[in-house]
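Please explain how this protein chain is put together, working from its sheets to a helix and then to individual residues.

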Amino acid sequence: MVQPISKPNETLAVKVRVLGCSGAIAKECKTTSFLIDGQILVDAGTGVGDLTLEEMCGIGHVLLSHSHLDHIAALPLMVDSVAAMRREPLRVYALPGTITALKTHIFNNVIWPDFTRIPTPQAPFITFHEISIGQTFQLFDKYVEVLPAVHTVPAVGYAITAGTGCWVYSGDTERNPAFWRRINQLNVAMLVIETAFSNREKDLARRSLHLSPTVLASELDCIAPNKKYPICITHTKPAETELIMAEIQRFDQTQPFGPNVVHDIRRMFAGQEYEI
Ligand SMILES: [Zn+2]
Ligand SMILES: [Zn+2]
């Protein structure tokens, strides 16, 4: 069971390593995965493949945003790589719908072995743990809050706090008023938000419940006026990344900041590391 929350220690920090922040694969484009303090994986996209065996072995917890392949592709493969080297099962946290999808379509002994029963049902390589939106729980010295997301399958975002500020990840989402209502109450140190498609593909973005730059602009208008924090763009399609960032720059400024800057919007790259 997940642990209840206690008061955060104000001297602690969240160390975030970007393993993948692309909406699809190509050379040097890895799909969504963030490593927190070397121990917690947020989504398990293809970026996980850049970790050494030792680094992979050090991960004990995986927080999944949803069941789509670009967010879970490396999970079955990494279990196979390190399970026999680990003493404890890999703990995977996800919504019930996400867990059902993974059990039905991935760990089904057809696509991949059912590692929830291997090597034995009593001591498996992987265990699933249900989460719910609004829930807060503790992993090591981190506090994890499950945030709502609006997507084509059950989906969440996360806020992870160690000291006073939190690292917030939107997950895959379209317009999401409940998300903004909640994060306006938090002390956000960094927001990672998806913008999967360019304005040219705005209809596709709408149908697939992703953001495009114009919709992102209206979403960022939901940030409370007294709140200011870096906003990192993730999940851009590789073929459209330059266009998406140019379209975002048109409604705002990327670095260097101009005199009328409203938001501090940044591009993300795999390999970047942040300390929140
Ligand atoms: Zn998705
Ligand atoms: Zn995705």
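The paragraphs below begin with the confidence of the model, then take up its sheets, a helix and a few single residues.

What is shown here is a predicted model, and its mean pLDDT is 92, with 92% of the residues of the protein reaching 70 or more. Over residues 1–8, however, the pLDDT is below 50, and this stretch has 13 contacts in the model beyond near neighbours in sequence.

One open sheet is formed by seven strands in the order β6-β5-β4-β3-β2-β1-β14, and its pairing is mixed. The edges of this sheet are occupied by β6 and β14, each of which has a single partner strand, so that one side of each is left without a neighbour in the sheet. From one strand to the next, the twist averages 25 degrees.

Part of this order can be followed strand by strand, beginning at the edge strand β14. Strand β14, residues 273–275, runs antiparallel to strand β1, residues 15–20, and three bridges join the two; within this pairing, Arg 17 has Glu 273 of β14 as its bridge partner. Strand β1 also pairs with strand β2, residues 33–36, again in the antiparallel sense and over four bridges, and here the bridge partner of Val 16 is Ile 36 in β2. The step from β2 to strand β3, residues 40–42, is likewise an antiparallel pairing, over three bridges, in which Ile 36 stands opposite Ile 40 of β3. Ile 36 of β2 therefore takes part in both pairings, as the bridge partner of Val 16 and as the residue opposite Ile 40. As background to reading such pairings, the side chains in a regular strand alternate between the two faces of the sheet.

Further along the order comes β4, residues 61–63, where His 61 has its place. His 61 has 18 C-beta neighbours inside 10 Å and therefore counts as partly exposed, since a residue is called buried at 20 or more such neighbours and exposed at 12 or fewer. Leaving aside neighbours within four places in sequence, the contacts of His 61 are Gln 39, Ile 40, Arg 91, Tyr 93 and Leu 139. Of these, Tyr 93 is 32 residues away along the chain, yet the C-alpha atoms of His 61 and Tyr 93 are separated by 7.5 Å.

A helix packs against parts of this same region. In helix α4, which spans residues 96–105, Thr 98, Ile 99 and Leu 102 are buried. These three cover an arc of only 100 degrees around the axis, which puts them on the same side of α4, whereas Pro 96 and Thr 104 are exposed on the other side. The elements against which the buried residues of α4 pack are α2 (69–72), β5 (90–94) and β6 (126–130).

The loop between α4 and β6 deserves a careful look at its backbone. Most residues other than glycine have a negative phi, and most peptide bonds are trans. Pro 119 is found in this loop between α4 and β6, and the peptide bond that joins Ile 118 to Pro 119 is cis, with omega at about 5 degrees. Asn 109 is found in the loop between α4 and β6 as well, and although Asn 109 is not glycine, its phi is positive, near 65 degrees. With 9 other C-beta atoms within 10 Å, Asn 109 is exposed.

There is also an open sheet of seven strands in the order β7-β8-β9-β10-β11-β12-β13, and its pairing is mixed. At its edges stand β7 (136–139) and β13 (264–267), each with a single partner strand, so one side of each has no neighbour in the sheet. Neighbouring strands of this sheet are turned against each other by 25 degrees on average, direction ignored. Within this order, strand β11, residues 188–194, and strand β12, residues 230–234, run parallel and are joined by four bridges, and the bridge partner of Ile 193 in β12 is Ile 233.

The loop between β12 and α8 (241–251) holds His 235, which has a positive phi of about 70 degrees although it is not a glycine. Is His 235 buried or exposed? His 235 has 28 C-beta neighbours inside 10 Å and so counts as buried, whereas Asn 109, which also has a positive phi, is exposed.

Conventions: Residues numbered from 1 in each chain as written. Chains lettered and ligands numbered in written order. Predicted model: local features only at pLDDT ≥ 70, side-chain atom pairs only at ≥ 80, totals over all residues. Pairing = 2+ DSSP bridges. Arc of directions from axis to C-beta. Contact = placed C-beta atoms within 7 Å. Axes fitted to C-alpha atoms, helices over the stretch in contact; angles between N-to-C directions. pLDDT = per-residue confidence, 0-100.
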